[in-house]
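User: Please pick one loop position in this model and look at it closely. Then show me what it leads to in the rest of the fold.

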Amino acid sequence: MKLLVTGGAGFIGSAVVRLAVARGHAVVNVDALTYAACLDNVASVAQSPLYAFEQADIRDRAALDRVFAKHRPDAVMHLAAESHVDRSIDGPGDFIETNVIGTFNMLEAARKYWTEAGRPETFRFHHISTDEVFGSLPKDPSIKFTEDTPYDPRSPYSASKASSDHLVRAWHETYGLPVVLTNCSNNYGPFHFPEKLVPVIILNALAGKPLPIYGDGSNIRDWLFVEDHADALLLVVEKGALGRSYNIGGENERTNLELVRTLCAILDEKRPKAQGSYADQITFVTDRPGHDARYAIDPTRIRTELGWRPSVTVEEGLARTVQWYLDNEPWWRALQGRKGVGERLGVKA
Ligand SMILES: NC(=O)c1ccc[n+]([C@@H]2O[C@H](COP(=O)([O-])OP(=O)(O)OC[C@H]3O[C@@H](n4cnc5c(N)ncnc54)[C@H](O)[C@@H]3O)[C@@H](O)[C@H]2O)c1
């Protein structure tokens with residue numbers, strides 16, 4: 001299969017690119033190389049004859065038409081997005097332009113290409129989205145997000161992703177474009193950009209800095225190892241039913257405080273401090289405005305229809321992640337100088 005992957009120099013996109021090439025798929029990585037991108041994320045496949053890179057911005061429709069005409073993909077996996085909620089609070093405009101207008105451009109470029117190719121039924125436009133479009137859940141563990149949960153986005157980021165999901169479904173209903181969608185929970189793992197919670201905690205811990213916990217740390221997320229997510233995405237693009245959406249979760253609900261304490265315990269074992277525990281560095285800071293209380297995925301559909309399950313528990317995945325950061329210091333050091341990294345963003349609503 002020839003896959004056109006957008007956002008393949010980012011965190012999840014690069015995991016998809018690496019896994020797809022390892023499984024023998026041809027991959028065209030289309031990425032604008034924003035602050036969040038790092039081509040080192042795909043260095044392990046860059047020399048493969050199966051891999052091609054196109055620097056293009058999804059806000060640039062003409063560039064997308066050129067990429068489709070040149071590479072003629074069998075399927076699109078659309079991951080390119082502005083992805084950091086805190087940045088969306090400070091600067092929502094970029095999120096509307098890339099996540100909404102950019103997705104519109106992708107749909108139109110894909111529709112043109114697919115129509116001119118004779119509307120092949122086998123073509124797929126796979127839109128990768130987030131569980132944040134569903135809003136915030138109460139703490140009752142029996143209530144989870146299903147594919148039928150009504151949309152209720154509450155941040156500029158999640159509202160822009162919800163908008164893009166609606167566009168993708170509309171292009172399927174109106175134009176017959178063969179789409180599939182996925183909404184997944186919080187990812188973590190190797191190559192995670194050092195502004196997101198898990199790498200911030202690991203790197204601040206190692207630097208002897210405070211470990212910032214928003215509010216009282218009781219917010220619950222359903223943590224998914226990025227390589228399990230990439231595996232699920234490849235399954236959906238190959239076997240997902242036309243027009244259907246699938247929720248993908250790790251079945252690993254943890255409060256932020258529990259997650260941070262687990263990371264500290266792993267670090268205490270792998271890189272003990274001279275005195276005390278990394279948990280001594282935990283500091284509670286002002287909460288994010290509109291911080292959603294809980295996300296949790298009911299993955300019944302992808303499990304029963306496609307037979308997918310996460311392969312690791314959050315403890316196993318976090319141990320692998322911590323080890324990866326310990327082994328790859330040059331990678332994260334190079335990114336720490338990028339604009340906004342290490343700063344507290346999105347505090348003022
Ligand atoms: N990280 C998570 O926990 C998570 C959870 C659920 C869903 N998602 C979704 O998965 C996708 C990937 O997330 P991520 O965490 O890997 O993001 P990321 O920020 O690490 O990477 C995004 C990539 O998209 C590229 N990009 C941004 N704007 C672009 C533009 N205008 N044109 C072309 N490329 C552009 C960036 O250069 C970067 O390489 C996003 O759509 C996100 O909404 C992420």
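Analyst: Take Ile297. It counts as buried because 25 or so neighbours are not needed: 20 or more C-beta atoms within 10 Å suffice, and Ile297 has 26 C-beta neighbours inside 10 Å. Keep in mind that this is a predicted model. The residue belongs to no helix or strand; its place is in the loop between β13 (282-285) and α9 (300-306).

Who surrounds it? Leaving aside neighbours within four places in sequence, Ile297 is in contact with Asp131, Lys144, Phe145, Ser185, Asp222, Asn247, Ile248 and Gly249. Trp223 is 74 residues from Ile297 in sequence, yet their C-alpha atoms are 9.8 Å apart.

Follow Phe145, one of those contacts. Phe145 is also touched by Phe134. Phe134 is found in the loop between β5 and α5. It has 25 other C-beta atoms within 10 Å, so it is buried. Beyond four places in sequence, Phe134 touches Thr149, Tyr151 and Asp152 as well as Phe145. Ser158 lies 24 residues from Phe134 along the chain, with 8.5 Å between the two C-alpha atoms.

Now follow Asn247 and Ile248, two further contacts of Ile297. They lead to the sheet. Seven strands make it up, in the order β3-β2-β1-β4-β5-β6-β11. The sheet is open and its pairing is parallel. β3 (51-55) and β11 (245-248) are its edges, each pairing on one side only. Asn247 and Ile248 thus fall within the residue range of the edge strand β11 (245-248). On average, neighbouring strands are turned by 20° against each other, direction ignored.

Two helices pack on this sheet. Helix α5 (residues 156-175) touches β5 (124-130) and β6 (179-184). The direction of α5 makes about 155° with that of β5. Helix α7 (residues 226-239) touches β4 (75-78), β5, β6 and β11. With the direction of β6, that of α7 makes about 160°.

Move along the sheet to the other edge. Strand β2 (residues 26-31) pairs with β3 in the parallel sense, over five bridges. Asp31 stands opposite Gln55 in β3, and Val28 has Ala52 of β3 as its bridge partner. β2 also pairs with β1 (residues 2-6), again parallel and over five bridges. There, Leu4 is opposite Val28. Five of the six residues of β2 are buried, so the strand is largely enclosed by the rest of the structure. β1, α1 and β2 together make a right-handed β-α-β unit. In a regular strand, side chains alternate between the two faces of the sheet.

After β2 comes a backbone detail. Leu33 is found in the loop between β2 and β3. Its phi is near 60°, a positive value in a residue other than glycine. Most residues other than glycine have a negative phi. Leu33 has 14 other C-beta atoms within 10 Å, so it is partly exposed.

Phe191 makes a useful comparison. Its phi is positive too, about 65°, although it is not a glycine. Its place is in the loop between β7 and α6. Phe191 counts as buried because it has 25 C-beta neighbours inside 10 Å.

That loop runs into helix α6 (residues 197-207), where Leu197, Val198, Pro199, Ile201, Ile202 and Ala205 are buried. Their cover includes β7 (187-188), β8 (211-214), α8 (256-270), α10 (314-327) and α11 (329-335). Just after α6, Gly208 takes a positive phi of about 75°.

Last, the ligand. Of the 30 residues around it, Gly7, Gly10, Ala32, Ala37 and Ala81 come nearest. The elements giving two or more residues to this shell are α1 (11-22), α4 (92-116) and β5. α1 supplies the largest share, three residues. By type, the shell divides into 14 nonpolar, eleven polar and five charged residues. Two elements met above return here: α1, part of the β-α-β unit, and β5, which both α5 and α7 touch.

Conventions. Residues are numbered from 1 along each chain as its sequence is written. This is a predicted model: local features need pLDDT of at least 70, side-chain atom pairs count only at pLDDT 80 or more; totals for chains, interfaces and linings use all residues. Two strands pair if DSSP finds at least two bridges between them. Helices (H or I, at least four residues) and strands (E, at least two) are DSSP runs, numbered from the N terminus. Axes are lines fitted to C-alpha atoms, for helices over the stretch in contact, and angles run from 0 to 180 degrees between N-to-C directions. Two residues are in contact if their C-beta atoms, placed from the backbone, lie within 7 Å. A residue is near a molecule or strand if its C-beta atom, placed from the backbone, lies within 6 Å of it. Ala, Val, Leu, Ile, Met, Phe, Trp, Tyr, Cys and Pro count as nonpolar, Asp, Glu, Lys and Arg as charged, and the others, Gly among them, as polar. A residue is buried if 20 or more other C-beta atoms lie within 10 Å of its own, exposed if 12 or fewer, and partly exposed in between; C-beta atoms are placed from the backbone. A crossover is right-handed if, with the strands pointing away from the viewer, the path from the first strand over the helix to the second runs clockwise.
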